[in-house]
Amino acid sequence: MSDLQVEEAAETRSVYRPKNNKFKRFIKDHGWSYAFVIPSMLTFTIFTLIPVVWALIISFQQGDIVSSNEWVGFRNYLRAFTTDSGVFVRAIENTLYYTIITVIANIFIALILSALIQGRHKHVKTFFLAAFYLPAVTSSVIVAIVWKFIYNSEYGFLNYLLSLFHIAPMRWLSDPALVLNSITLSTILTVPATGVVLFNAAMGSIPPEYYEAAQLDGAGPIMRWWHITLPLIKSTTLYVVVLYTIASFQVFEKVFILVPSGVSNNTQFILTQIYQNAFQQFQYGIASAQAFILFLMIAAVTIVQFRFLRSDVEY
């Protein structure tokens, strides 16, 4: 081997050896960390990422899942609004109505309940937090079944209360004029467990010196709550609002249990439309398109909420 070849080989080793050593050092230092992360990443990829990407592809096709499909572009997104005489538009309206009413009511109720139990004794506070969180650990199907008995037109508890005031019984789940409000009311009257727990934790982390200084300046309880508590829990409020908004947009189990056969178009929600198109009419392309329309709606609403509710306050 000539001197020139020896020098080139030495330069090659000097170039690639540090990189190889750096990679080995990285594996030695962080290999176990990635080994623990890989199973979760594989699970997410197989059961979440791949189905979402495949659903996006199906939304641009017409046919079933297994056989070869015809590529139709954005036609499914247009048909999503025109299928069944535009019932999807009515489903969007019902979903927006349900979301606006329930989110505002749940946030308001959670704030009030959290403020009421915040100053209580430790054991009293623990009892109420556990009691309020009970609906969160109860199956939504069980809760819906209970509300179905409450709304029963013949022997339901709600009509029994009306009879005490000599009011005629109402068809809560079969009258088209009442059914949407009945579904909404059942959500409002269910304690917002997650909101109560999160708001209570956020309120408990506010330094008491702020309240003491405001009290010395003559601020009453309502003024202290309005000017200190609410601004300092703004980040928690944003999280809870986004959480309840997403849950309200995805309402399905309660509607399916309370009115399984539906009541005209007043019980049509976005997820019920997706369910009917996908698993009853087998129009997977339209169902996938409606699912991504729902995703875009949730993303748009979330961006607006972040824009108006975000806070940089630190304490």
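How many nonpolar, polar and charged residues does the lining of the second largest pocket have, by class? The exercises below lead to this point and beyond.

The structure is a predicted model, in which local features need pLDDT of at least 70 and side-chain atom pairs count only at pLDDT 80 or more, while totals for chains, interfaces and linings use all residues. Residues are numbered from 1 along each chain as its sequence is written, and side-chain values use heavy atoms, with hydrogens and water left out.

**Exercise 1. Describe the second largest pocket.**

Step 1. A pocket is defined on a 1 Å grid over the protein atoms alone, as an open set of points where a 1.4 Å probe fits, with protein on both sides within 12 Å along at least five of seven lines; lining residues have an atom within 4 Å of a point. Grid points are joined across faces, edges and corners, and a volume is the space filled by probe spheres set on the points. For the second largest pocket, the volume is about 340 Å³.

Step 2. The lining consists of 13 residues, and A115, Q118, P221, W225 and T229 lie nearest the centre of this pocket. Two or more lining residues come from each of the elements α2 and α9. Helices (H or I, at least four residues) and strands (E, at least two) are DSSP runs, numbered from the N terminus. Helix α9 gives the most to this lining, with 5 residues.

Step 3. Ala, Val, Leu, Ile, Met, Phe, Trp, Tyr, Cys and Pro count as nonpolar, Asp, Glu, Lys and Arg as charged, and the others, Gly among them, as polar. By these classes, the lining of the second largest pocket has 8 nonpolar, 3 polar and 2 charged residues.

**Exercise 2. Describe the largest pocket in the same order.**

Step 1. The largest pocket has a volume of about 650 Å³.

Step 2. Its lining is made up of 23 residues, of which S140, T187, T190, A247 and K254 lie nearest the centre. At least two lining residues are supplied by each of α2, α4 (140-150), α7, α10 and α11 (253-258). The most come from α10, with 4 residues.

Step 3. The lining of the largest pocket divides into 12 nonpolar, 9 polar and 2 charged residues.

**Exercise 3. Locate the largest nonpolar core and name its contributors.**

Step 1. A nonpolar core is a set of buried Ala, Val, Leu, Ile, Met, Phe, Trp, Tyr and Cys residues joined through side-chain atoms within 4.5 Å. Buried means under 20% relative accessible area, exposed over 50%, and partly exposed in between (1.4 Å probe, protein chains only).

Step 2. The largest core has 20 residues, and I107, L111, V196, F199 and I233 touch the most other members. Two or more of its residues come from each of α2 (75-118), α3 (122-133), α7 (193-204), α9 (221-232) and α10 (234-249). Helix α2 gives the most to this core, with 6 residues.

Step 3. Contact means heavy atoms within 4.5 Å. Not counting residues up to four places away in sequence, I233 touches L111, F199, A202, M203 and I206. Another core, of 19 residues, lies apart from the largest one and includes F88, I270, A287 and I293.

**Exercise 4. Is helix α6 mostly covered or mostly uncovered?**

Step 1. Helix α6 (residues 179-188) is mostly covered, since 8 of its 10 residues are buried. They are V179, L180, S182, I183, T184, S186, T187 and I188.

Step 2. The buried residues of α6 pack against α2, α4 and α11.

**Exercise 5. Examine individual residues in loops and in a strand.**

Step 1. N152 is found in the loop between α4 and α5 (157-164). A polar contact is a pair of N or O atoms within 3.5 Å; within protein, one must be able to donate a hydrogen and the other to accept it, and residues adjacent in sequence count only if both atoms are side-chain atoms. A polar atom of the N152 side chain lies 2.8 Å from the backbone nitrogen of E154, and the N152 side chain reaches the backbone nitrogen of Y155 at 3.0 Å.

Step 2. H166, in the loop between α5 and α6, has a positive phi of about 60° although it is not a glycine. H166 is exposed, with a relative accessible area of 76%.

Step 3. Q61 lies in strand β1 (residues 61-62). Q61 is buried, because its relative accessible area is 12%. Leaving aside neighbours within four places in sequence, Q61 is in contact with N69, E70, W71, V72, N76 and G285.
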